[in-house]
Structures are given as C-alpha cells and as structure tokens.
Amino acid sequence: MKTKECPSCAMEVDAESKICPVCSYEFAETSTLARWTAILLVVVILLYLLF
Ligand SMILES: [Zn+2]
C-alpha cells in the first residue's frame, strides 16, 4: 500500500486518502498547480517593479 505523510500531524496515511484519518487534514490535489501559479505571479510582479 502506498502511503504519504500528513503535513499536519506527520503520520503516514493511505496515499489514496483525501482526508487524514488521524487529524482530518484535507489533502489538496491541486496544491502543486496553485503553488506554481503563485510563484509565477510573484515573479511577474517582481519584474514589473524592477523594470
Ligand atoms: Zn493528519
């Protein structure tokens, strides 16, 4: 069984789980995309401020 670490309670939980069974933390499936969008936005703002 594949597992992943819960970022909230650091417990190994089933990789298929959407919600941590230990602390009810909700795993966001789109977190990676949202993070890259945020990084891109920061870069664009920095470039705008510099030039
Ligand atoms: Zn948890």
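1. Order of elements. Read from the N terminus, the protein chain of this predicted model runs β-β-α, and its secondary structure comes to one helix and two strands. The strands are β1 at residues 3-5 and β2 at residues 12-14, while the helix, α1, covers residues 31-50.

2. Overall dimensions. The radius of gyration of the protein chain is 16 Å, whereas a compact globule of 51 residues would have one near 10 Å. Taken along the principal axes, the box that the C-alpha atoms fill is roughly 50 × 20 × 10 Å, and the two descriptions are best read side by side.

3. Burial and contacts. Of the 51 residues in the protein chain, 0% are buried, a class that requires 20 or more other C-beta atoms within 10 Å of a residue's own. Among the contacts with a separation of 6 or more, 0% are between residues that lie 24 or more positions apart.

4. Alanine 10. This residue sits in the loop between β1 and β2, and it has a positive phi of about 60 degrees although it is not a glycine. Alanine 10 counts as exposed because it has 9 C-beta neighbours inside 10 Å, where the limit for that class is 12 or fewer. Its C-alpha atom is 9.8 Å from that of valine 22, a residue 12 positions away in sequence.

5. Serine 24. In the loop between β2 and α1, serine 24 likewise is not a glycine and yet has a positive phi, here of about 65 degrees. How many C-beta neighbours does serine 24 have inside 10 Å, and is it buried or exposed? The count is 10, and serine 24 therefore falls in the exposed class.

6. Alanine 28. The loop between β2 and α1 also holds alanine 28, which is exposed, since 12 other C-beta atoms lie within 10 Å and exposure is assigned at 12 or fewer. Alanine 28 and cysteine 6 are 22 residues apart in sequence, and the distance between them in space, C-alpha to C-alpha, is 11 Å.

Notes: Residues numbered from 1 in each chain as written. Predicted model: local features only at pLDDT ≥ 70, side-chain atom pairs only at ≥ 80, totals over all residues. Helix = DSSP H or I, 4+ residues; strand = E, 2+ residues; numbered from the N terminus. Rg over C-alpha atoms; globule rule 2.2 N^0.38 Å. Contact = placed C-beta atoms within 7 Å.
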